[in-house]
Amino acid sequence: MTTLTDLTLAEARDALLRKDFSAVELAKAQLAEIEQARALNAFITETPAKALAMAEASDARIARGEAGPLEGVPLGVKDLYCTEGVATTAASHILEGFKPAYESTVSANLWRDGAVMLGKLNLDEFAMGSSNETSYFGPVVSPWRRQGSDTKIVPGGSSGGSAAAVAARLCFGATATDTGGSIRQPAAFTGTVGIKPTYGRCSRWGIVAFASSLDQAGPIARTVRDAAILMRSMAGHDPKDTTSVDAPVPDYEAALSRGVKGMKIGIPKEYRIQGVPAEIDALWEQGVAWLKDAGATIVDISLPHTRYALPAYYIVAPAEASSNLARYDGVRYGLRVPGKDIVGMYEETRAAGFGKEVRRRIMIGAYVLSAGYYDAYYVRAQKIRTLIKQDFDRAYADGVDAILTPATPSAAFGFGEKGSGDPVEMYLNDVFTVTVNMAGLPGLAVPAGTSSEGLPLGLQLIGRPFDEETLFALASVIEKAAPKIAPPPKWWAPPVGFADTLP
Amino acid sequence: MTTQAKPSKLIKGATGDFEIVIGMEIHAQVTSRSKLFSGASTEFGGEPNAHVSLVDAAMPGMLPVINQECVAQAVRTGLGLEAQINLRSVFDRKNYFYPDLPQGYQISQYKSPIVGEGIVAVDVSPTEQIKVGIERLHLEQDAGKSLHDQSATESLVDLNRSGVALMEIVSKPDMRSSDEARAYVTKLRTILRYIGSCDGNMEQGSLRADVNVSVRRPGEPLGTRCEIKNVNSIRFIGQAIEVEARRQIGVIEDGGVVQQETRLFDPGRGETRSMRSKEEAHDYRYFPDPDLLPLEFDQAYVDALKAGLPELPDAKKERFITEYGLPAYDAGVLVADKETADYYEAAVRHGGATRDPKLVANWLTGDVAAYANSVGLSVAQTHIKPGQIASLVDLIADATISGKIAKDVLAILIGDEKDADPKDIVAARGLQQVTDTGAIAAAVDAIIKANPDKVAQAQAKPSMLGWFVGQVMKQTGGKANPQAVNDELKAKLGI
């Protein structure tokens, strides 16, 4: 059975259509893996009954010759996506008991195309974090370990559950969201492929909002092809989200074989940062060499405002979050802690319902928007945002087709190793990724090697607006050129036979 | 604010005259089938929470989508206020916590409203017109309603109104008396109703006013203002201004300083009360709503809306003056209600004929209006049809009945014979005027003969003529043509 779950999404999709096995068989195999992997804490809610019912329906459609593009493929859903009738938590205590009566547009697109839902994946609370340690439901444990060590490693965040589940073969792919790096950083930490599409490519409707002008949905998968397949189903205009863009969705899978000959790839000098380990720089050099070998031209470029991106991001994102999270007030749904009056109820509910990092960001956000500080912080941060966007515009106007950078400044770290004293230490994880959100561009993380300790490392490709196809083509080249990384050993699975003894 | 009140508008304090300065923020509910950012119905009434979408309840992940009809209504209104239409405007979030505000913020327009400066001409009296500047008009969401009387231990929330579109229309501080303020709101309401962008129904809360009041001694700079929140009738607006101005004058004359604050008007006690001071004012943390793109449209869109506008009150008034030769005041009274203006024109032109427009206007603004007022309706809302008025006026014009008899006919129309044609009433009841000079002469002769003493008196004092006229009318059952009676009497009495 386990061999089924080792297939890629594309292989499983094709095998299902050939009726090599049924969608129900595949779903059962996947559910068995999930059951064995609870030590990873990747799922907040498992939905086995729903999975089997959807798989049965898929088998029926396959039998009728009505299979959709993802027919019978089992997926995990980041628990930031509202799913009809299934608890949706945003990994927060404050949404306790909340079961939406509606389905997010992006997940609905996946079900429309025949995918099967396995459950809801863990994340940093309200997607605020880079290590998945801020979840109310406890941290996700990465399937990866340092060589010769059993120290628990973080999967990255905020889409840590998505990345860990995909890397550990608990699902063929997963939905994720990226506000400052929340798809690309965990993908890089877990040896998976993650793409944050252009802002507006996917609908945000039904996804719990963190920072509306930065949030974007995207997939995490085990291969570039798998990510491309998922991307095609997830993307598209949605009249319910006025920031979603009405542009045709291309066949991303077809773009994989385009080749990169003649493409001009920019290498931004500002991404060479002091204190970044040499192996990250080496990986970057290696990526440059692979693309050059494939026929791309490499040019040095400058994105001069890069260093302002992170501080500006930590103004814009908390500002929007402080307002977006105001609706969690205990009045209509979720947690309510009684107070002596209405203000008391607000205070008690929000103090009990939000974790420390969320509270911190709400306070930062309220501060930067308040009278007397708004111009100094929020308005200036927006100006910086414009400058960052102009940096990229200039590079693209100069003929650059895409930009190559490291995805993260380091490999994954252990639990509690970062940010426990100074939150900025954790924020620095996003240094290579936030610029992309600030500019609204597409960014893709692809595995490219391993660290000296045997942990995955990824490279990031940044594209022109709505040119995800070029990113897939480039990522495909890197994927082929990079050394194959063996999947992490299944240290989490109980010994053989143990599962039979479970009640 | 160079506008200086006329001396007649100043109010007297113990230490001298004071001028009131008034500005207003009117919240007008936009007439639209669905809410500003959701598809839920805007219907008034209904079971609590019957008209609530996922967006209105601020469920997680919900996003606002602008209702184009509300945008069109705001632009139409802006055009009606002769205002600058901004082709690009921005929605902002106004952040505060309240149970009837599900999102924790109101979507409004702060720095870039959809409509900029405009002007409204306001008739304060038959002889006085003022111009009130419009500062801006912007679109925003209404809040829900907290219900405190449903449970002993809890407050409940009704979100039916949550997200309904409002236009906030901000005037410049151009009004100098409660009369001017009341006339301004009345005029604004007329414009909104003409355009059809707000039903102007203050009882149902479709139109609410925040009134900014300050006082100063003539010639001095503006005083500190107080904002009286949510006044919901034109009468109360006038009362609130009067008592607030008196209060502020009292404070100043007692050597105090008026504090900038928000106050509430209590009509029962006839006073305003402090609601919150400037220090307690919320910090709303406005910022552009990232869920909504800036609102942009082109001039062609505005032009198309302009082309579709109905004739507005000022234009209609001008036309009534030139086309029908009405005095400005009569024209103003008639156009104050669009249906009444239409009614007037229908009566003037009924049956393809044209009849004396001034006479029709007199009836509509006089006896008919009095009746309509007495039953709390507008002229157009009464059961009396324009054709009936036309018929009545025609009977007067061709001297079939006198004006006095016409009043009796109107009373019959109001009373027993609601659907009758006045012509038939007159015929059935024999109310035609007696114009037969022979019959009138006979009556005159009889009266003169019976009252020789009075004849002598009248010859000495011609004002006695009235007495004779009265006697003749009495004798003829009021049906004699008064002019004919007059002429006959003068001839026979030799005066």
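Me: How many bridges pair strand E4 (residues 92-95) of chain B with E5(B) in the antiparallel sense?

Reply: The model is predicted, with local features needing pLDDT of at least 70, side-chain atom pairs counting only at pLDDT 80 or more, and totals for chains, interfaces and linings using all residues. Residues are numbered from 1 along each chain as written, chains are lettered from A and ligands numbered from 1 in written order, and side-chain values use heavy atoms without hydrogens or water. Strands (E, at least two residues) and helices (H or I, at least four) are DSSP runs numbered from the N terminus, and two strands pair if DSSP finds at least two bridges between them. Strand E4 of chain B covers residues 92-95, and its antiparallel pairing with E5(B) runs over four bridges.

Me: Which residue in E5(B) stands opposite B:Asn95?

Reply: Opposite positions place the residues of E5(B) against their partners, and B:Ser108 in E5(B) is the one that faces B:Asp92. For B:Asn95, the residue opposite in E5(B) is B:Tyr105.

Me: In what order do the three strands of the open sheet in chain B lie?

Reply: The pairing in this open sheet of chain B is antiparallel. Its edge strands, each pairing on one side only, are strand E5 (105-108) and strand E15 (287-288) of chain B. The order of the three strands is therefore written, from one edge to the other, as E5-E4-E15.

Me: Which residues point the other way from B:Tyr105 and B:Ile107 in E5(B)?

Reply: In a regular strand the side chains alternate between the two faces of the sheet. In E5(B), B:Tyr105 and B:Ile107 point one way, and all the residues of the two groups are buried, a word that stands for under 20% relative accessible area, with exposed over 50% and partly exposed in between (1.4 Å probe, protein chains only). The residues that point the other way are B:Gln106 and B:Ser108.

Me: In E7(B), which residue is the bridge partner of B:Gly118?

Reply: Strand E6 (residues 118-125) and strand E7 (residues 128-141) of chain B run antiparallel and are joined by seven bridges. A hairpin of two residues connects E6(B) to E7(B). Within E7(B), the bridge partner of B:Gly118 is B:Ile134.

Me: Which peptide bond of chain A is cis, with omega near 5 degrees?

Reply: Most residues other than glycine have a negative phi, and most peptide bonds are trans. A:Ser158 lies in the loop between strand E3 (116-121) and helix H6 (160-167) of chain A. The cis bond, with omega near 5 degrees, leads to A:Ser158 from A:Gly157.

Me: What is the relative accessible area of A:Ala91?

Reply: A:Ala91 sits in the loop between strand E2 (74-78) and helix H5 (105-112) of chain A. Its phi is near 60 degrees, a positive value in a residue other than glycine. A:Ala91 is buried, and its relative accessible area is 0%.

Me: Is B:Ala399 buried or partly exposed, and what is its relative accessible area?

Reply: In chain B, the loop between helix H9 (386-397) and helix H10 (403-414) holds B:Ala399. Phi of B:Ala399 is near 65 degrees, which is positive although the residue is other than glycine. B:Ala399 is partly exposed, with a relative accessible area of 31%.
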